[in-house]
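Please describe this protein chain for a reader at the bench, taking the overall fold before the interior, the pocket and a few individual residues.

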Amino acid sequence: KAKSYEAWGKDFSGWLFRNGKVDLLRSPGTKEVSRSGESERDFRVRLQQSGREQRDAQSERLRQKYAPKMTVLQDRIRRAQQMVERQQIESRTSQLQAAISVGATILGAFMGRKSISATTIGKATTAIRGAGRAIKESQDVGQAQENREALQQQLSDLEAQFKTETDALIAS
């Protein structure tokens, strides 16, 4: 009789509950329970293995989270370094041109027929403008270096944050 199977199942479950004994181990941290017949050593080994797998998976997620950010910052730092080098070259060129222009103007004033003439004053004005450009180029170099340093600081902060999260993951 099919109706009897359900009643027999309940009776059997009740009998097992009253008479059967199964020792199971439980890990409160991971909330895992040992299998029936599994020794404590085997259960601990299984917990360690699953813990390592979880840690590795979380660690990989962290790497995937931070890798694009670090790549972007490293690319920006590389471009900032190129800008610093370009600004330094422009600054040196500007300073050299200004020095040559001032020297030529002074030499022309002393070697020419008239020490002060409209031509000499025009050349001096041009030389002074060149010196002003050289000073501006020097300031541009400083700004480019500050930009590079700020990006490097951002990268080191991001790396520190990554390390902190990784250490917390390992500790857990």
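The report below moves from the overall fold to the nonpolar core, the pocket, the aromatic pairs and several single residues.

## Overall fold

The structure is a predicted model, and it contains three helices and two strands. Taken in sequence order, these elements follow the pattern α-β-β-α-α. The protein has 172 residues, of which 22% count as buried. Among the contacts with a separation of 6 or more, 63% are made by residues 24 or more positions apart.

## The nonpolar core

The largest nonpolar core is made up of 11 residues, namely L62, Y66, M70, L73, I77, A80, L151, L155, L158, F162 and L169. Two or more residues of this core are given by each of α2 and α3, and the largest share, six residues, comes from α2.

L151, a member of this core, shows which partners are brought together from elsewhere in the sequence: once neighbours within four places are set aside, L151 is in contact with L73, R76, I77 and A80. Of these partners, R76 lies in helix α2 and, with a relative accessibility of 41%, counts as partly exposed. R76 is also one end of a long sequence separation, since R76 and R148 are 72 residues apart in sequence while their C-alpha atoms are 8.2 Å apart in space.

A second pair of this kind involves T126, which is placed in helix α3 and is partly exposed, with a relative accessible area of 39%. T126 and A98 are separated by 28 residues in sequence and by 8.9 Å in space, C-alpha to C-alpha.

## The largest pocket

The volume of the largest pocket is about 210 Å³, and its lining consists of G29, T30, L47, G51, R52, Q54, R55, Q58, L169, I170 and S172. Helices α2 (40-111) and α3 (118-171) each contribute at least two residues to that lining, with the largest share, six residues, coming from α2. Sorted by class, the lining has three nonpolar, six polar and two charged residues. L169 appears in the lining of this pocket and is listed in the largest nonpolar core as well.

## Aromatic pairs in helix α1

How many aromatic pairs does a search of the whole structure find? The search finds three, and two of them are described here.

The pair of Y5 and W8 is edge-to-face, because the ring centres are 5.6 Å apart and the planes stand at 70°. Y5 and W8 are three residues apart in helix α1 (residues 2-19), so about one helical turn separates them. Y5 is exposed, with a relative accessible area of 56%, and W8 likewise counts as exposed, at 53% relative accessibility.

The pair of F12 and W15 is stacked, because the planes are at 20° with the ring centres 6.1 Å apart. F12 and W15 are also three residues apart in helix α1, so they too are separated by about one helical turn. F12 is partly exposed, with a relative accessible area of 48%, and W15 is partly exposed at 45%.

The geometry of the two pairs is set out in this table.

| Pair | Distance of ring centres | Angle of planes | Arrangement |
|---|---|---|---|
| Y5 and W8 | 5.6 Å | 70° | edge-to-face |
| F12 and W15 | 6.1 Å | 20° | stacked |

## Residues around the strands

What is the phi of K31, a residue that is not a glycine? K31 has a positive phi of about 60°. Most residues other than glycine have a negative phi. K31 is placed in the loop between β1 (26-27) and β2 (32-33), and K31 is exposed, with a relative accessible area of 60%.

Is R46 buried or exposed? R46 has a relative accessibility of 19%, and it therefore counts as buried, the cut-off being under 20%. R46 is placed in helix α2, and, when residues up to four places away in sequence are not counted, it touches E32, V33, S34, R35 and E38. E32 and V33, two of these partners, are the residues numbered 32-33 that form β2.

Definitions and conventions
Residues are numbered from 1 along each chain as its sequence is written. This is a predicted model: local features need pLDDT of at least 70, side-chain atom pairs count only at pLDDT 80 or more; totals for chains, interfaces and linings use all residues. Side-chain values use heavy atoms; hydrogens and water are left out. On a 1 Å grid over the protein atoms alone, a cavity is a set of points where a 1.4 Å probe fits but cannot get out, and a pocket is an open set with protein on both sides within 12 Å along at least five of seven lines; lining residues have an atom within 4 Å of a point. Grid points are joined across faces, edges and corners, and a volume is the space filled by probe spheres set on the points. Helices (H or I, at least four residues) and strands (E, at least two) are DSSP runs, numbered from the N terminus. Ala, Val, Leu, Ile, Met, Phe, Trp, Tyr, Cys and Pro count as nonpolar, Asp, Glu, Lys and Arg as charged, and the others, Gly among them, as polar. A nonpolar core is a set of buried Ala, Val, Leu, Ile, Met, Phe, Trp, Tyr and Cys residues joined through side-chain atoms within 4.5 Å. Buried means under 20% relative accessible area, exposed over 50%, partly exposed in between (1.4 Å probe, protein chains only). Contact means heavy atoms within 4.5 Å. Rings of Phe, Tyr and Trp (its six-membered ring) pair if their centres lie within 6.5 Å; planes under 30 degrees apart count as stacked, over 60 as edge-to-face and the rest as tilted.
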